[in-house]
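This report is meant for a reader who is meeting this structure for the first time. It moves from one feature to the next, and the sequence and the model are best kept in view while reading.

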Amino acid sequence: MRHLPESMPACSKAVPLSDPADFRKALSCFATGVTVVTARWKSGDWGMTCNSFASVSLEPRLVLWSIRKAASSLEAFTRSGGFTVNVLSHEQEATARQFATGDMNSRFAGVPVERQSSERLCLTDAMAWFDCSLHQLVDAGDHHILIGQVREFGWRDTAALGFWRSQFGQFQTNTP
């Protein structure tokens with residue numbers, strides 16, 4: 001077992017759990033990718049920016065993401081029967097910002113999309129996409145976790161859009 005040198009800094013001072021702003025700051029230290037999740041519900045298209053996306057299982061192919069219970073689009077995503085997760089490339093920061101606010105018409109305005117066989121929209125410039133049927137809905141605090149079974153997917157080789165400490169950026173590899 002390798003021991004850390006004594007000069008390593010200790011953990012930062014604990015912050016009271018009652019402080020939501022500091023909790024968000026601590027969570028922002030975990031770098032994530034950025035997605036736009038879409039759904040088709042009541043003859044309308046729905047979309048939102050999300051960075052809580054993760055893989056769950058390879059067999060069966062399952063992915064997850066979470067949505068606030070107070071979100072205006074909650075019903076569309078939890079009752080539509082499925083969703084499409086679009087992983088954004090480093091060139092799509094403006095798209096991430098566009099899908100974070102405004103009404104649904106303005107979110108999709110000018111964004112190139114393709115309608116999938118599921119009737120959900122795929123952002124054609126996304127670096128990867130996963131079209132999913134809703135497999136399970138998990139109640140978790142002030143959010144719901146949506147677990148989807150991947151029905152179709154695709155990807156292209158490009159750099160991902162990253163999100164770290166409330167800022168967008170690009171992931172870079174460390175090459176020797």
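In this predicted model, the largest pocket is lined by 35 residues, and those that lie nearest its centre are Arg24, Asn51, Ser52, Arg68 and His143. The volume of the largest pocket comes to about 1400 Å³. Sorted by class, the lining of the largest pocket holds 19 nonpolar residues, 10 polar residues and six charged residues. Several elements contribute to this lining, since at least two residues each are supplied by helix H1 (20-27), strand S3 (44-50), strand S5 (62-68), strand S10 (143-155) and strand S11.

The chain that surrounds these features has four helices and 12 strands. Its C-alpha atoms fill a box of roughly 60 × 45 × 35 Å along the principal axes, and of the 176 residues in the chain, 35% are buried.

**Strands and their partners**

Strand S3, one of the elements that supply the pocket lining, is mostly covered, with five of its seven residues buried. S3 pairs with strand S2 (residues 35-41) in the antiparallel sense over seven bridges, and within this pairing tryptophan 46 in S3 is the bridge partner of alanine 39. The hairpin formed by S2 and S3 has two residues between the strands, and there lysine 42 takes a positive phi near 50°.

S2 is also joined to strand S6 by four bridges, and these two strands run antiparallel; here threonine 84 in S6 is the bridge partner of threonine 38. Strand S6 (residues 82-87) is mostly covered, as six of its six residues are buried. In a regular strand the side chains alternate between the two faces of the sheet. In S6, Gly82, Thr84 and Asn86 point one way, whereas Phe83, Val85 and Val87 point the other way, and all are buried. S6 further pairs with strand S9 (residues 128-140), in the antiparallel sense and over six bridges, and in this pairing valine 85 stands opposite phenylalanine 130 in S9.

A separate description fits the open sheet of three strands, which has the order S1-S11-S12 and antiparallel pairing. Because strand S1 (32-33) and strand S12 (167-170) each have a single partner strand, they stand at the edges, and one side of each is left without a neighbour in the sheet. The pairing of S1 with strand S11 (residues 161-164) is antiparallel and runs over two bridges, with glycine 33 opposite glycine 162 in S11.

The strand pairings described above can be set side by side.

| Strands | Sense | Bridges |
|---|---|---|
| S2 and S3 | antiparallel | seven bridges |
| S2 and S6 | antiparallel | four bridges |
| S6 and S9 | antiparallel | six bridges |
| S1 and S11 | antiparallel | two bridges |

**Aromatic pairs**

The count of aromatic pairs in the model comes to seven. In one of them, the rings of tryptophan 65 and phenylalanine 77 have their centres 5.1 Å apart and their planes at 80°, so this pair is edge-to-face. The pair links distant parts of the chain, for tryptophan 65 belongs to strand S5 and phenylalanine 77 to helix H2 (residues 74-79), and the two are 12 residues apart. Both tryptophan 65 and phenylalanine 77 are buried.

Phenylalanine 99 and phenylalanine 108 form another edge-to-face pair, with 5.0 Å from centre to centre and 85° between the planes. Phenylalanine 99 counts as buried because its relative accessibility is 1%, and phenylalanine 108 is likewise buried, with a relative accessible area of 14%. An aromatic cluster is formed by Phe53, Phe130 and Phe153, and among these Phe130 is the residue in S9 that stands opposite valine 85.

**Cysteines**

How many disulfides does a search of the whole structure find? The search finds zero. Cysteine 50 is in no disulfide, and the nearest cysteine sulfur, which belongs to cysteine 132, is 12 Å away. The sulfur of cysteine 122 also has its closest cysteine sulfur in cysteine 132, and this one is 11 Å away, which is too far for a bond, because the two sulfur atoms of a disulfide must lie within 2.5 Å.

Are these two cysteines buried or exposed? Cysteine 50 counts as buried, because its relative accessibility is 5%, and cysteine 122 is buried with a relative accessible area of 5%.

How values were computed
Residues are numbered from 1 along each chain as its sequence is written. This is a predicted model: local features need pLDDT of at least 70, side-chain atom pairs count only at pLDDT 80 or more; totals for chains, interfaces and linings use all residues. Side-chain values use heavy atoms; hydrogens and water are left out. Buried means under 20% relative accessible area, exposed over 50%, partly exposed in between (1.4 Å probe, protein chains only). Two strands pair if DSSP finds at least two bridges between them. On a 1 Å grid over the protein atoms alone, a cavity is a set of points where a 1.4 Å probe fits but cannot get out, and a pocket is an open set with protein on both sides within 12 Å along at least five of seven lines; lining residues have an atom within 4 Å of a point. Grid points are joined across faces, edges and corners, and a volume is the space filled by probe spheres set on the points. Ala, Val, Leu, Ile, Met, Phe, Trp, Tyr, Cys and Pro count as nonpolar, Asp, Glu, Lys and Arg as charged, and the others, Gly among them, as polar. Rings of Phe, Tyr and Trp (its six-membered ring) pair if their centres lie within 6.5 Å; planes under 30 degrees apart count as stacked, over 60 as edge-to-face and the rest as tilted.
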